[in-house]
Amino acid sequence: MPEPGKTKFQIDLRRYLREEEEDRDLTRLICEIADASKYIINAIRTGDLGVAGTSNLYGEEQLALDVLSDRIIRKRLVNSGVVANMLSEETPDIIPVDPHGKYSVAFDPLDGSSLVDVNLAVGTIVSIYEGGDLLQPGRNQVAALYILYGPRTTLVLSTGSGVHEFAMNQLMEYTLVNENLRMAPNCTIYSPGGQRNKYTPGTEKFVRYMEDKGAKLRYSGGLVPDINQVLLKGKGIFLYPHLEGAPDGKLRLLFELNPMAYLIEQAGGAASNGRQRILDLMPEGIDQRAPVFIGCQEDVARAEAFIREEESLSSAFAG
Ligand code: F6P
Ligand code: MN
């Protein structure tokens, strides 16, 4: 129950999770990550835009923001006492933490870090599994979240019962602002990544379909703000498709696609690689990439249909 005088929408993250009777270790883990983000925001807002290996005015070595963000999160995960294994987009291998840890975490500490110098929004993306296995299909995630460092800082989370948005207040606490976000079946905005002249015929047909139905183009180049727009507006689709010369697209399954697919599905949307549900893909390696069509269900299904249609046409010609 909300404290007297406090509406539910002033509830902070920890209290929300407690009231939802989430597992204590999971609550602890999520709150550690939320705490880490305060230091990341500070680094983004005030840090030099140094690249790794350079020195500042005082001759101290500077860390690139993505390397720094990685260290901040890793330290918190280790300190949480509940993490078995962790895997960061910044490091090449799974890092064992504590064999007794209840959860394992894959994360992208600062997605879109190349956008910081042009002052566009960036984010942290996190995927959580129970146990030690990080190489399993995304449908087995027990929680996923992202933190968006935009004009406001928000944290969007699912622990398997809907998707909820928390915003950072003046005291740097995350308080609930939107409970149970829902996606409409149809999109009015689309965010197409990659170069259009490298799209396959099915994707090209889908994009033309979006244009013909009058959808508006919205693409910032940052996965977190782009997905956040799709999710919060509830009427959008993001794609980073197969490209000529890049049949797996660009985005990484473990750090980027699985957590985003989990969140979008939890809001009633869908996520596909054009042929198959993202959350059913069995990862073959930690750096696996996949094409993605993610957002409103009917439009994701339409993209799949165009892709199937064009692929069967071209194999009919080839045959
Ligand atoms: O980490 C990958 C990323 O920066 C995402 O944030 C974004 O969706 C994508 O790359 C943008 O790629 P591109 O520059 O090809 O549009
Ligand atoms: Mn990334």
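A residue counts as buried when its relative accessible area is under 20%. The model analysed here is predicted. By that cut-off Cys-187 is buried, because its relative accessible area is 4%. Cys-296 is buried as well, with a relative accessibility of 0%.

These two cysteines were examined for a disulfide. A disulfide is a covalent bond between the sulfur atoms of two cysteines. The criterion applied is a pair of cysteine sulfur atoms within 2.5 Å. The cysteine sulfur closest to that of Cys-187 belongs to Cys-296, at 3.4 Å. This separation is too far for a bond, so Cys-187 is not paired with Cys-296. Cys-296 is likewise in no disulfide; its nearest cysteine sulfur is that of Cys-187. The count by this rule is 0 disulfides.

Arg-24 presents the opposite case in terms of exposure. The threshold for an exposed residue is a relative accessible area over 50%. Arg-24 reaches 73% and is therefore exposed. Helix α2, spanning residues 24-46, contains Arg-24. Arg-24 and Cys-187 lie 163 residues apart along the chain. Their C-alpha atoms are separated by 37 Å.

A metal site was also examined. The manganese ion (ligand 2) is coordinated by three residues: Asp-108 (OD), Asp-111 (OD) and Glu-256 (OE). The coordination distances run from 2.0 to 2.2 Å. In sequence, the donor residues follow the spacing D-x2-D-x144-E. Both aspartates of the site, Asp-108 and Asp-111, are buried.

Another aspartate, Asp-226, sits in helix α5, which covers residues 223-233. Asp-226 is buried, yet has no salt bridge. The nearest side chain of opposite charge is that of Arg-218, 8.9 Å away. A salt bridge requires a side-chain nitrogen of Lys or Arg within 4 Å of a carboxyl oxygen of Asp or Glu. Backbone nitrogens are within reach instead. The side chain of Asp-226 reaches the backbone nitrogen of Ser-220 at 2.8 Å. The same side chain reaches the backbone nitrogen of Gly-221 at 3.1 Å. Ser-220 and Gly-221 also appear among the residues that Asp-226 touches, with residues up to four places away in sequence not counted. The other residues on that list are Arg-218, Tyr-219 and Phe-238. Arg-218 thus touches Asp-226, but forms no salt bridge with Asp-226.

Technical notes: Residues are numbered from 1 along each chain as its sequence is written. Chains are lettered from A and ligands numbered from 1 in the order in which they are written. This is a predicted model: local features need pLDDT of at least 70, side-chain atom pairs count only at pLDDT 80 or more; totals for chains, interfaces and linings use all residues. Side-chain values use heavy atoms; hydrogens and water are left out. Helices (H or I, at least four residues) and strands (E, at least two) are DSSP runs, numbered from the N terminus. Buried means under 20% relative accessible area, exposed over 50%, partly exposed in between (1.4 Å probe, protein chains only). Lys and Arg count as positive and Asp and Glu as negative; His and the chain ends are not counted. A polar contact is a pair of N or O atoms within 3.5 Å; within protein, one must be able to donate a hydrogen and the other to accept it, and residues adjacent in sequence count only if both atoms are side-chain atoms. Contact means heavy atoms within 4.5 Å. Donors are N, O and S atoms within 2.8 Å of the metal (3.2 Å for Na, K and Ca); water is not among the atoms, so sites may look incomplete.
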